[in-house]
Amino acid sequence: MQQEILEKDLPARLAGKGKRYLTITFGCQANEFDTEVLAGMLESAGYSAAGGPDDADLIIINTCAVRRKPEEKVAGLLGRLKALKEKNKDLVIAVGGCMPQQPGVARDLARRFRFVDLIFGTHALPRFPQLLERARESRRTLVDVDTDEEVGSREGLPVRRSRDFHAWLPVIQGCNNFCSYCIVPYVRGRERSRFFDEIIGDARSLAASGYMEITLLGQNVNSYGNDLHEERDFADLLMELDKMDGLSRIRFLTSHPKDLSPRLIEAMRRGEKICEHLHLPVQAGSNRILKLMNRRYSREHYLELVLALKEAIPDISLTTDLMVGFPGETEEDFRQTLDLMEEARFDQSFTFIYSPRPGTTAAKEKELLSPGEKTERLVILTEMQNRISLEINKALVGKKVELLVEGSSKKNPEMQSGRTRTNKLVHFQCCRGSQR
Ligand code: SAM
Ligand code: SF4
């Protein structure tokens, strides 16, 4: 059971009664969930959340290595935390996650930021309580970037969820795909599916605790079960969860287009709780670039999937990830990305400038575009998406939609905000007396 806090399982000496912790998270939903596990382990040992860095006894930075920018932000943040550590020698600073899991990076961080007490990689998460205890006693930076992760060692860890209506639910860790630009398989390891029954058990206790919405997580949820040599695949998992009382909405992230099966589309069509939203990263619209990226699908196949999805689930909202400036991307390749965007008519796109990641195959290729040219392509792509998103959203004016209310709007506390089943954020004025 993922969300139950099992105090007896944690070392008594980690007792953090009266101590406060602060977490700072970069990157994807997998990292957000890992931070919830770190917070769960700390709270079960008596820690409570700090209001900010100044009243924290422990600060954990959970890092991302997918692009260079978040790494630079971590370095900037650590520079600022140095002054805090000088003022408060008892403050413990820990840096975890994907960034130190890259070869040589943990050592480099330890050398540059000597005041950091603990550096731990993605595989060390279940060992965090013991590591923290050792780091407190050590006068040097303690580093654990071992890739050994015992099967099942993440099961049963306590989770402090950041929202009370929505829960992340990991179904598979790691990735086997080795897209040529991507660091994830190197820092998160090979695919490891969780057992079907463990996931169902977690979902059942989440539903019983009042969570209405769950998002199943994996770098590629579509390969769920391949390593278990089970009969049941991701579509079976979705259909089983769809029958569960208590849950209202089921979402999942991320799907790789090469593994999106007709069975999965059928499960989405039939499942009443499975939301009409699919995040299907395409990355590029040119077959030449897709091949260089090692994505293992063609532009034509991707567009066929879009058509099949829209036919099966007419209200579906499609979102994607796109990159510009991949090594060797010509004007013509970029034009094909724009064409694909126009044809697929995504509800939303997450657009990125390619960032070379040391150790990946693409990082060995020469980059021909200047930073200015890459930014120019990003702006053109983003503007096109903004226009399409506006057209799609305007077509919803006057329609009634179901919202799961998330609370006060971040932009305007007088308003409430909620999400549609299609994952659109809606800000609205709530009637008097019915606010949460
Ligand atoms: N597993 C997911 C997938 O296959 O789409 C997500 C992987 S990654 C955390 C999220 C997105 O970051 C990718 O879809 C890609 O667009 C982007 N990304 C990954 N590596 C990148 C790189 N080296 N430079 C720029 N963007 C990158
Ligand atoms: Fe990275 Fe590709 Fe794996 Fe996604 S599928 S995590 S982009 S290697």
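**View 1. Six strands line up in an open sheet, in the order β2-β1-β3-β4-β5-β6.** The pairing here is parallel. What you're looking at is a predicted model. At the borders of the sheet sit β2 (48-49) and β6 (142-144), the edge strands, and each of them pairs on one side only. If sheets are new to you, strands of a sheet pair through backbone hydrogen bonds, either parallel or antiparallel.

**View 2. Zooming in, β4 runs parallel to β5.** Strand β4 covers residues 92-97 and strand β5 covers residues 118-120, and three bridges join the two. Want a spot to start from? Look for Val-95, which stands opposite Ile-119 in β5.

**View 3. Helix α4 packs on the sheet.** This helix, residues 105-112, touches β4, β5 and β6. Compare its direction with that of β5 and you get an angle of about 165 degrees.

**View 4. Away from the strands, helices α9 and α11 cross at roughly 25 degrees.** Here α9 spans residues 262-270 and α11 spans residues 299-312, with axes that come within 10 Å. Angles under 35 degrees count as roughly parallel, so that's what α9 and α11 are to each other. As for handedness, their crossing is right-handed.

**View 5. A closer look at who touches whom between α9 and α11.** From α9 come Ile-265, Met-268 and Arg-269, while α11 brings Ala-308, Leu-309 and Ala-312. Sorted by class, the contact has five nonpolar residues, one charged residue and no polar ones.

Key. Residues numbered from 1 in each chain as written. Chains lettered and ligands numbered in written order. Predicted model: local features only at pLDDT ≥ 70, side-chain atom pairs only at ≥ 80, totals over all residues. Heavy atoms only, no water. Pairing = 2+ DSSP bridges. Helix = DSSP H or I, 4+ residues; strand = E, 2+ residues; numbered from the N terminus. Contact = heavy atoms within 4.5 Å. Axes fitted to C-alpha atoms, helices over the stretch in contact; angles between N-to-C directions. Parallel < 35°, antiparallel > 145°, perpendicular 65-115°, else oblique. Left-handed = near helix turned anticlockwise from the far one by under 90°. Nonpolar A, V, L, I, M, F, W, Y, C, P; charged D, E, K, R; others polar.
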